[in-house]
Amino acid sequence: MALYILRAGRKLRSRSPLPLSLLYLPSHPPSPNPLSPPPCRPQPLGSPLPPWRPPCIGSRRRSRILDGFRHSLSLASISSSPGTTEDHESRRPDGGEGSPPASSSRSWVDLYLPESVRPYALLARLDKPIGTWLLAWPCMWSITMAANPGEFPDFKMLALFGCGAVLLRGAGCTVNDLLDQDIDKKVERTKYRPVASGIVPPFQGLCFLGFQLLLGLGILLQLNNYSRILGASSLLLVFSYPLMKRYTFWAQAYLGLTFNWGALLGWAAVKGSLDPATILPLYSSGVCWTLVYDTIYAHQDKEDDLKVGVKSTALRFGSLTKTWISGFGAACIGSLALSGYNAELAWPYYPFLIAAAAQLGWQILTVDLSNRAECNRKFVSNKWFGALVFSGILFGRLAS
């Protein structure tokens, strides 16, 4: 027995010490919580120590998933942040320079019209109805003012002139684009118009112009002879207006003579003649109104106009623009007051006229002429000025 114990002691002394890796083994069992991540796989005894790292929280696959989730959240926050109007307008559908800028909202032309018809609808500016409103309102003013006291205006006449405004405005835009295609290519705002961009060839544009004029003739033939002659004479203004900006800074005044011809024509269509005491102040008010809103509109293109040599009242008035258009605004309201007085409109006309004067004054005082988007917003707001004047004439006539 003593010999056996002696041999066992010799064997224990000759055995090597325990490996140091045993010191790093966890001293407690894994957590029994089922929601906790699985424990790391223990290293076999005697293997070299791995580099130190934080306690294991899961597999590499789970770490990659978490990193990807954080990355997707950051991308979502960037893509969902609101951008400026300029950012949306400067984007191209395919990133190229030859394609028109993508709009943040599609018009009814893009949504409902066949693809083959869209270029002609854009040529007639059917997607931008503000021009039709500005052309139609003087007609509506005149027709309503010509109604008998205490009666509504002739609704058939209002409908005819409404359709005529759409057609004549479209014809005017077509003429403008055909004559200005070389200029439009050099102006940022107009270089994607159908003729300037080559979508509609000039010959097809001429054919479309003839189609619009033919439809307009059908409306004109339903009026009396006096109105037919007066309406046909407006074509001279329509065709010559696009040339005025090449020769005079007062192209906006010439546009006023063209756009407000309906003030003469509407009265003549109802009465068969003209009453200068009523109609001439009404026509003058429309011309002054056009000088206000189209000068504001022209400030959008003043840098490009300087480059290509196009003239406008925006360039003529320069830093004194607000002073000039304030004078034209006052003349517009004064002429409307005189016309209503001579037409013997009742008192409801004047509160609406005061509201219209306030709207026009708001435009002039608050517009930032160095901001294109702001100029366009103020320009578009003129449809409400026309609506206020029309409402005043209507209620003034019904109460007279």
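Gln-204 has its place in helix 9, which covers residues 202–220. In this predicted model, Gln-204 is partly exposed, with a relative accessible area of 34%. Along the chain, 84 residues separate Gln-204 from Tyr-120, and in space their C-alpha atoms are 9.3 Å apart.

Let me turn to the fold as a whole. The protein has 19 helices and zero strands. It has 400 residues, and 40% of them count as buried. If one takes the contacts between residues at least 6 apart in sequence, 70% join residues at least 24 apart. The exposed area is about 23200 Å², and carbon and sulfur atoms supply 65% of that area.

I move now to the interior. In soluble globular proteins, nonpolar side chains tend to be buried together. In this model, the largest nonpolar core has 66 residues. Which of them have the most contacts inside that core? They are Trp-141, Phe-161, Trp-289, Leu-336 and Phe-385. Apart from this core lies another, of six residues, including Leu-123, Leu-178, Val-195 and Val-200.

Phe-161 deserves a second look. Leaving aside neighbours within four places in sequence, Phe-161 is in contact with Cys-139, Met-140, Ile-143, Leu-223, Leu-265, Gly-266 and Ala-269. Cys-139, one of these partners, lies in helix 6. Is Cys-139 buried or exposed? Cys-139 is buried, because its relative accessible area is 7%, and the limit for that class is under 20%. Not counting residues up to four places away in sequence, Cys-139 touches Phe-161, Gly-262 and Ala-263. The C-alpha atoms of Cys-139 and Trp-261 are separated by 8.0 Å, although these residues are 122 apart along the chain.

The next topic is charge. A search of the whole structure finds ten salt bridges. One of them joins Arg-193 to Asp-177, with the closest N and O atoms 3.7 Å apart. This pair links distant parts of the chain: Asp-177 is in helix 7, whereas Arg-193 is in the loop between helix 8 (181–184) and helix 9, and the two are 16 residues apart. Arg-193 counts as buried at 15% relative accessibility, and Asp-177 counts as buried at 1%.

A second salt bridge is formed by the side chains of Asp-180 and Arg-246, at 3.0 Å from N to O. Here too the pair links distant parts of the chain, with the two positions 66 residues apart: Asp-180 is in the loop between helix 7 and helix 8, and Arg-246 is in the loop between helix 10 (225–244) and helix 11 (251–259). Asp-180 is buried, at 1% relative accessibility, whereas Arg-246 is partly exposed, at 27%.

A third salt bridge stays within one helix. Lys-378 and Glu-374 both lie in helix 18 (residues 372–380), four residues apart, which is about one turn of the helix. Their closest N and O atoms are 2.3 Å apart, and both residues are buried. Beyond single pairs, salt bridges that share partners join Arg-125, Asp-177, Asp-184 and Arg-193 into one network.

Two members of that network, Arg-125 and Arg-193, are also in contact with Asn-176. Asn-176 is found in helix 7, residues 155–179, and is buried, with a relative accessible area of 10%. Its contacts, leaving aside neighbours within four places in sequence, are Arg-125, Arg-193, Pro-242 and Lys-245. In addition, the side chain of Asn-176 makes a polar contact with the side chain of Asp-177, at 3.5 Å.

Arg-125 is notable for its backbone as well. Its phi is near 60°, a positive value in a residue other than glycine. Arg-125 is placed in the loop between helix 5 (118–123) and helix 6 (130–145), and it counts as buried at 10% relative accessibility. Glu-344 likewise has a positive phi, of about 60°, although it is not a glycine. Where is Glu-344 placed? Glu-344 is in the loop between helix 16 (321–342) and helix 17 (349–366). Glu-344 counts as exposed, at 63% relative accessibility, whereas Arg-125 counts as buried.

I close at the surface. Trp-108, Leu-111 and Tyr-112 make a nonpolar surface patch of about 380 Å². Tyr-112 lies in helix 4, residues 108–112, and is exposed, with a relative accessible area of 65%.

Notes
Residues are numbered from 1 along each chain as its sequence is written. This is a predicted model: local features need pLDDT of at least 70, side-chain atom pairs count only at pLDDT 80 or more; totals for chains, interfaces and linings use all residues. Side-chain values use heavy atoms; hydrogens and water are left out. A nonpolar core is a set of buried Ala, Val, Leu, Ile, Met, Phe, Trp, Tyr and Cys residues joined through side-chain atoms within 4.5 Å. Buried means under 20% relative accessible area, exposed over 50%, partly exposed in between (1.4 Å probe, protein chains only). Contact means heavy atoms within 4.5 Å. Patches are made of residues with over 30% relative accessible area and no salt bridge: like charges are joined within 9 Å, nonpolar side chains (Val, Leu, Ile, Met, Phe, Trp, Tyr) within 5 Å. Accessible areas come from the Shrake-Rupley method with a 1.4 Å probe; for residues, only the protein chains shown count as cover. A salt bridge is a side-chain nitrogen of Lys or Arg within 4 Å of a carboxyl oxygen of Asp or Glu. A polar contact is a pair of N or O atoms within 3.5 Å; within protein, one must be able to donate a hydrogen and the other to accept it, and residues adjacent in sequence count only if both atoms are side-chain atoms.
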